[in-house]
Amino acid sequence: MELYLVAVAFRPSEQLLENYARILVDFALGSGRGISRGDVVMVSAGDDAKPLYLAIRQAVLRSGGTVIGAYSASGGARAELELATAEQLATFHRAYYRGIASTIDHRIGIISTSDPRELEGVDVDKLLVGRRTMRPYQRWIAKKEDEGRYTWTLALYGTAAMAREARLSLEAYWREIIAACFLEDTDPIGRWRATHREIARVKRRLDALDIDRLHVEGDGVDIGFSVGTRRRWLGGTGRNIPSFEVFTSPDWRGTEGTVAFTEPLHRYGSLIDGIRLTFERGRVVEATAKRNEKLLRAMVAADAGSSAVGEISLTDGRLSPITRYMAETLYDENRGGPNGNFHLAVGNAYREAFSGVIAAQTRRDWQRLGFNDSSVHTDIISTARRQVTALLRNGRTKKIYDDGRFTV
């Protein structure tokens with residue numbers, strides 16, 4: 001009981017919160033440039049994250065922007081889902097969301113929760129219907145982003161419940177956040193810029209290789225991907241703080257093989273563990289889990305694109321200071337350590353991975369290029385040892401990743 005009370009009493013200092021907010025507003029948004037005077041920033045948070053929410057609002061005002069707050073009470077989601085009818089859950093307030101999409105220039109989403117497993121056992125269909133319902137809004141926002149008129153970032157505010165889920169004290173949990181985001185650096189934004197320069201170097205090397213296919217093999221994984229035509233590698237753009245990964249969206253049709261994931265997945269207020277996926281001709285043909293397999297299978301059957309790959313990603317263990325399981329995808333997909341990490345996402349692709357003019361492409365163009373389209377995007381992570389070999393379009397092969405490090 002004494003340890004629990006100490007954990008609950010911990011709270012990050014005002015200076016740390018101010019540094020955190022400045023990183024998000026003056027660096028992460030605007031693809032590393034920060035916001036401009038007059039920009040409209042939507043800040044989404046639950047009341048678990050009130051201290052960071054307030055610090056971000058102040059940072060936006062200091063930088064000349066204005067705030068649209070999306071502040072909500074934490075908890076209660078289970079009762080609402082169980083009470084709501086299918087018709088209520090499928091209701092889409094078109095005028096409201098159209099107005100939001102046309103108004104905001106940026107969005108900061110703060111992740112926090114008072115109960116990471118609040119929705120365990122809730123009807124799977126009810127968990128997923130909201131994603132499908134919000135698809136029009138997602139398309140409006142994606143179009144705006146494609147046109148260079150919208151940016152976003154996500155950040156984490158640690159709670160006692162999240163720390164317990166990761167089997168850490170709240171102070172130890174926040175120590176991981178502080179280290180991962182460089183919150184105690186004298187110049188945290190300068191540190192992030194230096195990190196992104198190294199990520200940019202890796203991206204340039206990978207782009208220059210002109211990769212046709214990738215083969216990932218190691219403990220529990222033997223899978224191949226078609227990179228696709230007119231692709232580029234992404235990372236270091238400010239989307240997500242922290243973010244150390246280098247990733248792309250492949251041609252989903254060329255995915256073949258099996259991968260067993262080492263990290264549990266917290267999704268839709270539930271925990272899915274022991275995940276194993278097998279792909280044939282680009283789609284999941286077998287999905288198993290040791291825990292919550294029913295939810296996993298429903299996720300990969302959510303819509304026409306939810307069983308195909310939208311992202312493949314690698315993190316260099318030398319770059320990321322994250323070494324602990326954090327029970328939150330934002331951190332676990334950027335974990336460093338001796339093996340780095342590999343993750344893939346089933347669901348929607350990142351159209352920023354297209355090397356041409358994004359806004360000029362039609363839906364048919366995206367289909368032809370093999371960019372997956374879905375209402376979901378679910379990252380699943382492995383920190384097991386692996387190596388990644390690239391088959392180049394000139395017929396040669398090159399190892400690009402081994403023992404948790406890029407080799408380019």
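Here are four short exercises on this structure, each with a worked solution.

This is a predicted model, where local features need pLDDT of at least 70, side-chain atom pairs count only at pLDDT 80 or more, and totals for chains, interfaces and linings use all residues. Residues are numbered from 1 along each chain as its sequence is written, and side-chain values use heavy atoms, with hydrogens and water left out.

**Exercise 1. Work out how compact the protein chain is.**

Start with the parts: the protein chain has 14 helices and 18 strands (DSSP runs numbered from the N terminus, helices being H or I with at least four residues and strands E with at least two). Next, take the radius of gyration over C-alpha atoms, and for the globule rule use 2.2 Å times the number of residues to the power 0.38. The chain comes out at 20 Å, close to the 22 Å that the rule gives for 408 residues, so it is as compact as a globular protein of that length. Finally, look at burial: 56% of the 408 residues are buried (under 20% relative accessible area, with a 1.4 Å probe and protein chains only).

**Exercise 2. Trace the open sheet of 8 strands and find its edges.**

Go strand by strand: the order is β12-β11-β8-β6-β5-β16-β17-β18, with antiparallel pairing (two strands pair if DSSP finds at least two bridges between them). Now check the ends: β12 (283–288) and β18 (405–406) each have a single partner strand, so one side of each is left without a neighbour in the sheet. Then zoom in on β5 (residues 211–218) and β6 (residues 221–226), which are joined by 6 bridges. Across that pair, E217 stands opposite D222.

**Exercise 3. Place T383 and list its contacts beyond four places in sequence.**

First, find T383 in the loop between β15 (377–382) and β16. Second, check its cover: with a relative accessible area of 15%, T383 is buried. Third, collect its partners, leaving aside neighbours within four places: T262, E263, R335, N339, G340 and N341 (contact means heavy atoms within 4.5 Å).

**Exercise 4. Classify the ring pair Y401 and F406.**

The structure holds 16 aromatic pairs. Rings of Phe, Tyr and Trp (its six-membered ring) pair if their centres lie within 6.5 Å; planes under 30 degrees apart count as stacked, over 60 as edge-to-face and the rest as tilted. For Y401 and F406, the centres are 5.2 Å apart and the planes stand at 80°, so the pair is edge-to-face. As for cover, Y401 is buried at 0% relative accessibility, and F406 is buried at 7%.

Definitions and conventions:
Buried < 20%, exposed > 50% of the residue type's maximum accessible area, 1.4 Å probe, protein only.
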